[in-house]
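Student: Could you walk me through how to read a surface patch, a sheet and the confidence scores in a model like the one shown here?

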Amino acid sequence: MQAIPLLSGIAFAVLWWLGQALVPMVVGRGIDALTQRHLDGLVTWSAVLLGLGVLQAWAGIMRHRRAVVVWLTAAYRTVQVTVRQATRLGATLPKRLSTGEVVSVGNSDIGHIGNAMDILVRGIGALVAIAAVTVILITTSPTLGLVVLIGVPLMAVAVGPLLRPLHRRQQAHRELQGDLATRAADIVGGLRVLRGVGGEEVFAGRYREESQKVRRAGVRVASVESLLEGAQILLPGLLIAGVTWLGATFAVRGEISPGSLVSFYGYAVFLISPLRTLTEMADKLTKGHVAARRVVRILKLTPEVQGGSRTGVPAGALSDPDSGVTVRQGVFTALAAGTPEEAIEIADRLGRYRESAATMGDVPLREIAVEELRRRILLADNGARLFAGRLRDELDPAGHDDETVHRALHDACATDIVEALPDGLDAHVAEAGREFSGGQQQRLRLARALLADPEVLILIEPTSAVDAHSEARIAARLAAARAGRTTLVATTSPLVLDRADHVIYVRDGVARAEGAHRDLLAHDADYRATVTRGED
């Protein structure tokens with residue numbers, strides 16, 4: 001629980017600040033005992049001063065430990081809930097938010113949220129310390145106490161006008177940072193293609209232009225922050241000067257003792273720290289508020305597709321009434337569409353990644369629990385990523401035996417990729433598998449899908465990036481590997497279509513013809529034009 005470390009941290013912070021706040025008073029009493037030649041009083045106040053030093057040391061250590069716990073808990077709990085929400089949203093997340101927006105949560109927002117929780121510990125203790133000093137000053141000299149009592153709120157009011165523009169400029173800066181992170185991710189992800197088409201300089205220029213916008217926004221934020229930092233020095237300094245001048249005046253008049261004068265000066269110097277802490281708290285809470293709003297924006301998103309509660313639904317044919325496509329149980333089916341977008345839309349409906357009236361058997365997919373659907377139906381497209389880590393772990397999270405893994409690699413025509421690696425399956429994969437070519441990544445993703453061995457496998461253009469010889473081998477091996485299990489492959493490749501048990505031709509989002517590939521090729525001119533790209 002975050003409340004226990006936070007409350008205990010505040011308690012230790014209060015003790016730490018109070019230990020410092022009482023030091024000027026104890027020193028003043030000791031000086032008065034010295035001037036009055038009271039040895040017992042001098043010894044007593046010296047012992048009290050030693051005790052306050054021990055209290056400060058112990059409370060300071062404990063306060064810092066609790067503050068670190070609070071900071072880490074707030075920061076990494078934010079990461080946990082954000083990742084959990086990203087997992088829950090699934091395909092909905094990239095449609096609603098950019099990559100940079102999500103990445104910025106881990107880059108900067110967690111730090112600001114952690115700092116906001118950390119400053120609460122010190123800030124509340126600073127408020128208690130200021131209140132204690134005010135009471136002591138009023139008790140010793142009502143005039144000086146009132147000066148502090150009135151001066152502190154005035155300082156807070158003086159800083160207030162800076163917070164609104166700071167908040168606004170930080171918000172704009174944060175949004176630009178997210179956009180720039182998205183741009184960088186796009187450039188890195190498509191660098192190979194950009195170099196191939198000569199677009200590297202164009203995108204580099206765009207990135208340079210947007211980075212300058214981020215820089216200018218950062219300068220605008222820094223200009224307000226510099227005023228805030230200056231206020232942290234100027235305003236407490238004016239208050240200290242006023243308290244010191246009044247205290248010296250009272251001492252000259254004989255209204256206070258020399259020890260009290262030293263105490264007042266000590267309090268004036270001491271007040272710098274808690275007052276600066278309050279100004280720092282205003283700054284960090286503002287940044288934390290901006291960051292928290294971005295995180296809450298992610299947490300408020302809801303998945304486009306909501307699941308039902310039914311489990312244990314019998315296996316059956318997958319049907320999409322919107323297009324008229326039906327994938328028969330246990331059949332290797334190919335879906336040839338006039339445009340790739342049509343095939344992807346149908347696959348998304350059959351995989352329950354968008355709202356539809358699709359059914360499994362006689363049961364609407366919307367009534368089946370999402371967890372069961374994701375376990376039984378796997379939709380694998382070319383947007384899937386290879387994550388950083390050991391290749392074996394990336395391909396086979398379930399931990400199959402070597403024979404099963406190598407069989408899946410063979411079926412995906414990816415054995416040569418693994419054999420070329422110095423450590424084989426134990427080789428380390430870089431982020432997004434960038435050391436592999438597009439065709440190699442595609443074959444490794446296919447091997448991963450085959451290793452998952454789902455009840456229903458839906459593949460989107462699984463051979464679009466491989467050469468013709470590899471495509472022919474994959475088509476033959478894929479049909480054999482999925483024999484007797486429900487499989488749908490969205491493709492216009494003649495090599496894959498020829499291996500399919502059943503082919504469905506879709507045009508304008510509706511199934512126009514069904515049958516064997518060679519029969520459709522011979523009798524349907526539209527299908528023939530789509531598959532052969534207009535060539536005989």
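Student: Which residues form a nonpolar patch on the surface?

Tutor: Patches are made of residues with over 30% relative accessible area and no salt bridge (a side-chain nitrogen of Lys or Arg within 4 Å of a carboxyl oxygen of Asp or Glu), where like charges are joined within 9 Å and nonpolar side chains (Val, Leu, Ile, Met, Phe, Trp, Tyr) within 5 Å. Here I138, L146, L149, I150 and L154 form such a nonpolar patch, with about 450 Å² of accessible area together, by the Shrake-Rupley method with a 1.4 Å probe, counting only the protein chains shown as cover. Helix α6 (residues 142–189) gives the largest share, 4 residues; helices (H or I, at least four residues) and strands (E, at least two) are DSSP runs numbered from the N terminus.

Tutor: This is a predicted model, in which local features need pLDDT of at least 70 and side-chain atom pairs count only at pLDDT 80 or more, while totals for chains, interfaces and linings use all residues. Residues are numbered from 1 along each chain as its sequence is written, and side-chain values use heavy atoms, leaving out hydrogens and water.

Student: How do I read the sheet order?

Tutor: Two strands pair if DSSP finds at least two bridges between them. In this model 4 strands form an open, antiparallel sheet in the order β2-β1-β4-β5; β2 (325–327) and β5 (363–364) stand at the edges with a single partner strand each, so one side of each has no neighbour in the sheet.

Student: Where is confidence lowest in the chain?

Tutor: By pLDDT, the predictor's confidence in each residue from 0 to 100, confidence is lowest in helix α7 (residues 191–197), at a mean of 54.
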